[in-house]
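The following report describes one structure by its helices, its core and its surface. The sequence and the coordinates appear below.

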Amino acid sequence: MTPLWVIVRCRKEVWLYDFLRARYGGLNTAFPGIRKVADEMGVSRRTVEVTLARLKAAGAVEVINRYREDGGQTSNEYRTYFTPPEERGTSRN
């Protein structure tokens with residue numbers, strides 16, 4: 001279930017929020033590559049990038065860069081949040 005605050009703040013972007021939560025078992029953290037998300041959802045990479053930026057700006061998703069041991073970048077970590085940023089404090093949920 002998508003929290004109401006996400007729907008209100010990101011109604012056009014809810015599809016990606018729901019995809020990240022549902023595709024990865026409802027966990028708060030997911031690691032798909034942008035190309036993988038775009039392919040699975042049938043949209044362009046740019047659509048995924050723009051949508052992620054909007055979800056990030058609303059506080060619904062946090063994007064964390066991940067790196068391999070050799071320093072090369074791998075897929076990002078996406079943390080989805082069920083509570084709005086102003087109610088989160090220091091807990092992650």
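## Helix α4 and its charged residues

Glu49 and Arg46 both belong to helix α4, which spans residues 45-58, and they stand three residues apart, about one turn of the helix. In this predicted model, their side chains form a salt bridge with an N to O distance of 3.8 Å. Arg46 has a relative accessible area of 55% and is therefore classed as exposed. Shared salt-bridge partners join Arg46 and Glu49 with Arg45 into one network. Glu49 itself is partly exposed, because its relative accessibility is 30%, a value between the 20% limit for buried residues and the 50% limit for exposed ones.

Helix α4 also contains Ala57. With a relative accessible area of 71%, Ala57 is exposed. Its C-alpha atom is separated by 17 Å from that of Gly89, and the two residues are 32 positions apart along the chain.

## Other salt bridges

In total, the structure holds seven salt bridges. One of them connects Glu86 and Arg9, whose closest N and O atoms are 2.5 Å apart. This pair links distant parts of the chain, since Glu86 lies in helix α5 (residues 85-88) and Arg9 in helix α1, 77 residues apart. The two partners fall into separate accessibility classes: Glu86 is exposed at 55% relative accessibility, whereas Arg9 is partly exposed at 38%.

A further salt bridge joins the side chains of Arg79 and Glu77, with an N to O distance of 2.7 Å. Are these two residues buried or exposed? Both Arg79 and Glu77 are buried.

## The two sides of helix α3

Helix α3 covers residues 34-41, and within it Ile34, Val37 and Ala38 are buried. These three residues lie on the same side of α3, because they cover an arc of only 100° around the axis. Arg35 and Asp39 are found on the other side of α3, where they are exposed.

The cover over the buried residues of α3 includes helix α2 (14-23), helix α4 and strand β3 (73-80). Just after α3 comes Gly42, which takes a positive phi of about 70°.

## The largest nonpolar core

In soluble globular proteins, nonpolar side chains tend to be buried together. Here the largest nonpolar core has 19 residues, and among these Leu16 and Leu52 touch the most other members. Helices α1, α2, α3 and α4 are the elements that give two or more residues to this core. The largest share, five residues, comes from α2.

Leu16 is located in helix α2. At 1% relative accessibility, Leu16 counts as buried, because the class is defined by a value under 20%. When residues up to four places away in sequence are set aside, Leu16 touches Val37, Val48, Thr51, Leu52 and Leu55. Its C-alpha atom is separated by 15 Å from that of Trp5, eleven residues away along the chain.

## The loop between α1 and α2

Where does Glu13 lie? Glu13 is placed in the loop between α1 and α2. Its relative accessibility is 8%, so Glu13 counts as buried. Apart from neighbours within four places in sequence, Glu13 is in contact with Thr51, Arg54 and Leu55. Two of these residues, Thr51 and Leu55, also appear among the contacts of Leu16.

## A nonpolar patch on the surface

Which residues form a nonpolar patch on the surface? The patch consists of Leu4, Ile7 and Val8, which together have about 300 Å² of accessible area. Val8 is situated in helix α1, which runs over residues 4-9. With 62% relative accessibility, Val8 counts as exposed.

Helix α1 thus appears in several parts of this description, and the following points may be taken together. It holds Val8 of the surface patch, it holds Arg9, the partner of Glu86, and it is among the elements that give two or more residues to the largest nonpolar core.

Key:
Residues numbered from 1 in each chain as written. Predicted model: local features only at pLDDT ≥ 70, side-chain atom pairs only at ≥ 80, totals over all residues. Heavy atoms only, no water. Patch = residues over 30% accessible without salt bridge, like charges linked within 9 Å, V, L, I, M, F, W, Y side chains within 5 Å. Areas by Shrake-Rupley, 256 points an atom, 1.4 Å probe, with all protein chains shown as cover. Salt bridge = Lys/Arg side-chain N within 4 Å of Asp/Glu carboxyl O. Helix = DSSP H or I, 4+ residues; strand = E, 2+ residues; numbered from the N terminus. Buried < 20%, exposed > 50% of the residue type's maximum accessible area, 1.4 Å probe, protein only. Arc of directions from axis to C-beta. Contact = heavy atoms within 4.5 Å. Core = buried A, V, L, I, M, F, W, Y, C linked by side-chain atoms within 4.5 Å.
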